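Here is a friendly walk through the model shown below. It begins with a single residue and then widens to the core, the chains and the contact between them.

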Amino acid sequence: MLDLYGRGWQMLEGGLVTVQLCLTVLPFMIVIGLLGASAKLSRYRTLRVIGESYTVLIRGIPELLVILLIYFGGTIAVQSLAELISGEETRVDIPAFWSGVAALALVQGAFASEVFRAAMQSIPIGQIEAATACGMTPMQIFMRIKLPQLWRFALPGLNNLFQVLIKDTALISVVGVEEIMRKAAIGAGTEKAPFTFYLVAMLMFLSFTTVSLLVFNYLEKRAARGVARA
Amino acid sequence: MFEDLLYVLGKYDTWLWRGFLLTIELLVISVTLGTLLAIPLAVARVSKKVWIQALPFAFIYVFRGTPLIGQLFMMYYGVGQLIANIDGIQDHWTWTYLRDPYWYCLLTFVLNTAAYVAEIMRGGIQNVPNGELEAARACGMSPSTTYRRIIFPRMWQMIWPAYTNDVIFTLKATSLASTVTMMELTGAARKIVARTALPYEAFISAGVIYLIIVYTLTFGFKGIERYLRRSEKRKEPKSGKPKAASA
């Protein structure tokens, strides 16, 4: 039972891929989120419109559909681009892992941009004015004033998003990436024991989300350590 | 590309239409039953007695902490096989229903929605101002009367925006039914792609339909929110910076 018909290692490998997926998406999600938030708060109308429509579009479309669109559509797009450049018929294959990362980063980035926007708006305007009065450039203001505080305001939102991200990586199993769900499906199919394998998969996900919750709670406490409590 | 889109829409419009109907059906049933189930869960969850609180806590924790696709596979393949292994079940009249993915999908979506909605209801119930509860008790209301007259109306007012988000979440979740061969909107799009190898046209058509559903829902729910808050006095700031549009 415990070695799962000799497939226990397979499940652990799947767990490793799930962790890899989460940690690969995380930096992209943060960068896209920061860019999106800056665009939404920009003084240029065009940037604001782009930022807002990005969130509006992504918010209304199921993650699974985005994953499928990028997996099937992305290959065609890259392939025709390659043919356009090289001028001859080429065969391009985007690894499912990376198309999954792209899809999740796109989806989570949209939600992260909302989190960062709210966080940026929580920074007292007087601090920005003071920084401007000191002669800092917008880039310096961002690096020295906004970013360090953003972290604290954005953490609760990011906590939530990371939970969603962990759970969303399971969707990538649909395009064949061998993470936990896919490994469980393979095990369930060959060993004819779906209940056991999916139960193990669920327990693995539950432990991941629990660990993430604990880590973020610790970070939230740590980030708030310099703030006077009411 | 444009001709391809017209081709997909012209030839497979009935698939998309049926997919749309099934998506709406799954959404309405899941949200209705899920919300009804969430109410006792939330009430039990805020109980002061640990043994009443424990079960809903565990239920909510497990359903919110695991991916929906896993829950669905667990039900359809896992529980489905346990049922299929019962002696003689395949000759029983219930077998037609017991092997239909539709019921497994519905059950999973209802339980999942219930867990998420119960969690936001818990927040709403706990945020009802203490003074109102004391006033209700001073008026001699029993706990159930207090729930009916004070706590629930207040709770709905407070949780409505979060509840709207949850309904949209459930709508997007119904797309997972396509992974167990259901032909709702995403399933229909996947089948069109399998037939025509035109991923952009099929998936984007489905995406546009989802967008229309989401923003129709958002609009309708905003209207209900205004109704729920009808008794509140508005204090609109006269001047100041215009509020940034929030999505």
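## Starting from one residue

Leaving aside residues up to four places away in sequence, Ile67(A) touches Gly100(A), Ala103(A), Leu171(A), Ile172(A), Val174(A) and Val175(A). Please keep in mind that this is a predicted model.

Which residues have the most contacts inside the largest nonpolar core? They are Ile67(A), Ala184(A) and Ala201(A), and the core they sit in has 111 residues. Helix α4 of chain A, spanning residues 96–122, contributes the largest share of this core, with 13 residues.

## The two chains

Now for the wider view. Chain A is built with eight helices and zero strands, so to speak in the pattern α-α-α-α-α-α-α-α when read from the N terminus on. Chain B, for its part, has 10 helices and zero strands, and along its sequence the pattern is α-α-α-α-α-α-α-α-α-α.

The table puts some values for each chain side by side.

| Item | Chain A | Chain B |
|---|---|---|
| Box filled by the C-alpha atoms, along the principal axes | chain A: roughly 70 × 55 × 25 Å | chain B: roughly 65 × 60 × 25 Å |
| Buried residues | chain A: 37% of 230 residues | chain B: 36% of 247 residues |
| Share of contacts at a separation of 6 or more that join residues at least 24 apart | chain A: 75% | chain B: 77% |

Put in words, 75% of the chain A contacts between residues at least 6 apart in sequence join residues at least 24 apart. In chain B, residues 24 or more positions apart account for 77% of the contacts with a separation of 6 or more.

## Where the chains meet

How many residues does the contact take from each chain? Chain A gives 32 residues and chain B gives 31 residues. On the side of chain A that touches chain B, at least two residues each come from α2 (45–59), α3 (63–86), α7 (180–191) and α8 (194–223). Of the elements of chain A, α8(A) gives the most to this side, with 10 residues. Sorted by class, the side of chain A that touches chain B holds 22 nonpolar, five polar and five charged residues.

If you would like to put a number on this contact yourself, a general habit may help. Interface size is often given as the accessible area lost when the parts come together.

Terms used:
Residues numbered from 1 in each chain as written. Chains lettered and ligands numbered in written order. Predicted model: local features only at pLDDT ≥ 70, side-chain atom pairs only at ≥ 80, totals over all residues. Contact = placed C-beta atoms within 7 Å. Helix = DSSP H or I, 4+ residues; strand = E, 2+ residues; numbered from the N terminus. Nonpolar A, V, L, I, M, F, W, Y, C, P; charged D, E, K, R; others polar. Core = buried A, V, L, I, M, F, W, Y, C linked by C-beta atoms within 7 Å. Buried ≥ 20, exposed ≤ 12 C-beta atoms within 10 Å, placed from the backbone.
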